[in-house]
Structures are given as C-alpha cells and as structure tokens.
Amino acid sequence: MMTTVDSAATADERGQRKIRVGRVLSNKMDKTAVVVIERLVKHPQYGKYVRRTTKLLAHDEGDTSKAGDLVSITECRPYSKRKAWRLVEVLRRAEESGKAAV
C-alpha cells in the first residue's frame, strides 16, 4: 500500500529542473540562442583552477535575447536533437558597442 505522502515527495523531487545562468554567444538561428556557461574546475594534478565552457542551445520563443546578454535558462523537454533548454529571462542586457561614451 502506497501512501500519498511518499508519492508527493517523489513528485517534488522529480519536478526540480536544473537552472543555469550563462551568456548568449549567438542568436542568429530562429527562436534559438547559443548560451555559454563557464565554470572553474580544479586541475587534479596541479591544483590550478581551469576555466571550462559548455555551449547549450536554448529555445527563445520571442527572440528576446541578443549576443552578450546574461540569461537564465532551464531544462525542458527536447525541442530538437540538440535543444533541450528554454530561456527563462534576460538578467542583464549587453552593453551596446556602437554607443559613444558620454
């Protein structure tokens, strides 16, 4: 006999989706943004911290992100072969490179 408390606990654990923060590298595809996530990993032998990057394809329904934006993405069902992340929000806009400094 299964209690409702046990099933509710497993549903809560299963409902936790990964959320990552990264920078938009490219948004040239339709409704898709390439997001780069950087992390520091300690080298096993030398102990120095090495920067590692991961490129993920994220679904951007309204094409709201631009290259250089800091965005938050979350896991979702696969949209295509390589795209299984969805853009949640733009945390910070990229600086406009064409503007003159005042």
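Here are a few friendly notes on this predicted model.

1. Let's begin with the overall layout. The chain has one helix and five strands, and along the sequence these elements come in the order α-β-β-β-β-β. Of its 102 residues, 24% are buried.

2. Strand β5, residues 83–92, is a good place to look next, with β3 and β4 as its partners here. Strand β3 (residues 49–59) runs parallel to β5, and three bridges join the two. If you want a residue to click on, try His59, whose bridge partner in β5 is Arg86.

3. Now for the pairing of β5 with β4, the strand that spans residues 70–75. These two strands are antiparallel and share six bridges. For a landmark in this pairing, find Ser72, which lies opposite Glu89 of β5.

4. Asp60 deserves a moment of your time. This residue belongs to the loop that links β3 and β4. Asp60 is buried, but it forms no salt bridge. The nearest side chain of opposite charge belongs to Lys66, at 7.5 Å; a salt bridge would need the charged atoms within 4 Å. What does the side chain of Asp60 make a polar contact with? The partner is the side chain of Ser65, at 2.9 Å.

5. Finally, a word on the rings. The structure contains zero aromatic pairs. The ring of Tyr79 does have a charge over it, though: the charged end of Arg77 sits there, 4.7 Å from the ring centre.

Note on methods. Residues are numbered from 1 along each chain as its sequence is written. This is a predicted model: local features need pLDDT of at least 70, side-chain atom pairs count only at pLDDT 80 or more; totals for chains, interfaces and linings use all residues. Side-chain values use heavy atoms; hydrogens and water are left out. Two strands pair if DSSP finds at least two bridges between them. Helices (H or I, at least four residues) and strands (E, at least two) are DSSP runs, numbered from the N terminus. Rings of Phe, Tyr and Trp (its six-membered ring) pair if their centres lie within 6.5 Å; planes under 30 degrees apart count as stacked, over 60 as edge-to-face and the rest as tilted. A charge sits over a ring if NZ of Lys or CZ of Arg is within 6 Å of the ring centre and within 35 degrees of the ring normal. Buried means under 20% relative accessible area, exposed over 50%, partly exposed in between (1.4 Å probe, protein chains only). Lys and Arg count as positive and Asp and Glu as negative; His and the chain ends are not counted. A polar contact is a pair of N or O atoms within 3.5 Å; within protein, one must be able to donate a hydrogen and the other to accept it, and residues adjacent in sequence count only if both atoms are side-chain atoms.
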